[in-house]
Amino acid sequence: GLWGALTAVSPQDWEQRQEEDTLLIERILLLVRNVLHVPPDPTEEQGVDGDASVHDRVLWALHISGMDDLLKFLASAQVEQQWALHVLEIISLMFRDQSPEELAALGQGTAGAEHGEDTRELENLRQRELAEKRARALQRPSRHSRFGGSYVLQGLKSIGDRDVVFHKGLHNLKSYTHDLGKEPRRVPRHRQA
């Protein structure tokens with residue numbers, strides 16, 4: 001078919017394409033244009049609501065056969081500008097049942113719905129994160145407590161018969177002496193050794 005006529009010729013022979021190939025391409029494009037040009041007949045197309053119309057089924061057949069890719073190729077290839085008007089006419093006939101407003105709204109509708117859904121999801125995540133931050137802030141005390149705990153040192157007697165109560169952290173236990181926390185006795189300068 002048309003795709004074979006276009007791809008059978010190697011890039012070096014593109015300009016030397018046979019006259020028959022050019023005629024075949026033009027005839028196939030005109031055939032596609034004429035098939036798409038047939039107006040809809042409501043009396044013949046009495047189907048259930050939501051059924052694909054004949055025009056839609058023709059478009060689906062063109063898509064399955066790869067003709068839509070071929071039309072995109074013909075429209076964008078620099079060396080195939082001679083088919084530009086045929087391709088433009090075919091594309092306009094493909095979209096003849098839709099208004100530009102409907103097509104634009106359809107494209108924005110799905111993208112807008114996805115965008116709105118993403119925005120809602122992000123907002124929910126942000127609200128959840130703020131709630132977790134507030135909960136953590138309420139759980140921890142606002143001021144730092146310097147109280148490290150009190151420990152009873154068994155076997156080490158204080159004044160009287162009671163065990164020593166140690167009010168510093170356990171890491172300070174190694175340097176414990178009975179003088180810990182007492183003011184050192186000041187010796188005047190003239191009496192220092």
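How much space lies in the largest pocket? The pocket holds about 170 Å³, and it is shown in the first of the close-up views below. The model is predicted.

**View 1. The largest pocket and the residues that line it.**
About 170 Å³ of space lies in this pocket. One part of the lining is made of Val 164, Val 165, Phe 166, His 167 and Lys 168, and Tyr 176, Thr 177, His 178, Leu 180 and Gly 181 line the pocket as well. By class, the lining has five nonpolar residues, four polar residues and one charged residue.

**View 2. Helix α2 packed with helix α5.**
Helix α2 covers residues 19–37 and helix α5 covers residues 84–94. Their axes come within 9 Å and cross at roughly 25 degrees. An angle under 35 degrees counts as roughly parallel, so α2 is roughly parallel to α5. The crossing of α2 past α5 is left-handed. From α2, the residues in contact are Glu 26, Leu 29, Leu 30, Val 32, Arg 33, Leu 36 and His 37. They meet His 86, Glu 89, Ile 90, Leu 93 and Met 94 of α5. Seven nonpolar, two polar and three charged residues make up the contact of α2 with α5.

**View 3. Helix α2 packed with helix α3.**
Helix α3 spans residues 54–65. The axes of α2 and α3 are 10 Å apart, and the packing angle is about 155 degrees. Angles over 145 degrees count as roughly antiparallel, and α2 and α3 are therefore roughly antiparallel to each other. In this contact, Val 32, Val 35 and Leu 36 of α2 meet His 55, Val 58, Leu 59 and Leu 62 of α3. The contact of α2 with α3 has six nonpolar residues, one polar residue and no charged residues.

**View 4. Leu 59 in helix α3 and its contacts.**
Leu 59 is found in helix α3. Leaving out residues up to four places away in sequence, Leu 59 touches Leu 36 and Met 94. Leu 36 is one of the α2 residues that meet α3, and Met 94 is one of the α5 residues that meet α2. The C-alpha atom of Leu 59 is separated by 9.7 Å from that of Phe 95, and the two residues are 36 residues apart along the chain.

**View 5. Helix α4 packed with helix α5.**
Helix α4 runs over residues 67–76. The axes of α4 and α5 lie 10 Å apart, at an angle of about 135 degrees. The two helices are therefore oblique to each other. Their crossing is left-handed. Leu 71, Leu 74 and Ala 75 in α4 meet Val 87, Ile 90 and Met 94 in α5. By class, this contact has six nonpolar, no polar and no charged residues. Ile 90 and Met 94 are also among the α5 residues that meet α2.

Definitions and conventions
Residues are numbered from 1 along each chain as its sequence is written. This is a predicted model: local features need pLDDT of at least 70, side-chain atom pairs count only at pLDDT 80 or more; totals for chains, interfaces and linings use all residues. Side-chain values use heavy atoms; hydrogens and water are left out. Axes are lines fitted to C-alpha atoms, for helices over the stretch in contact, and angles run from 0 to 180 degrees between N-to-C directions. Helices (H or I, at least four residues) and strands (E, at least two) are DSSP runs, numbered from the N terminus. Angles under 35 degrees count as roughly parallel, over 145 as roughly antiparallel, 65 to 115 as roughly perpendicular and the rest as oblique. A crossing is left-handed if the near helix is turned anticlockwise from the far one by less than a right angle, and right-handed if clockwise. Contact means heavy atoms within 4.5 Å. Ala, Val, Leu, Ile, Met, Phe, Trp, Tyr, Cys and Pro count as nonpolar, Asp, Glu, Lys and Arg as charged, and the others, Gly among them, as polar. On a 1 Å grid over the protein atoms alone, a cavity is a set of points where a 1.4 Å probe fits but cannot get out, and a pocket is an open set with protein on both sides within 12 Å along at least five of seven lines; lining residues have an atom within 4 Å of a point. Grid points are joined across faces, edges and corners, and a volume is the space filled by probe spheres set on the points.
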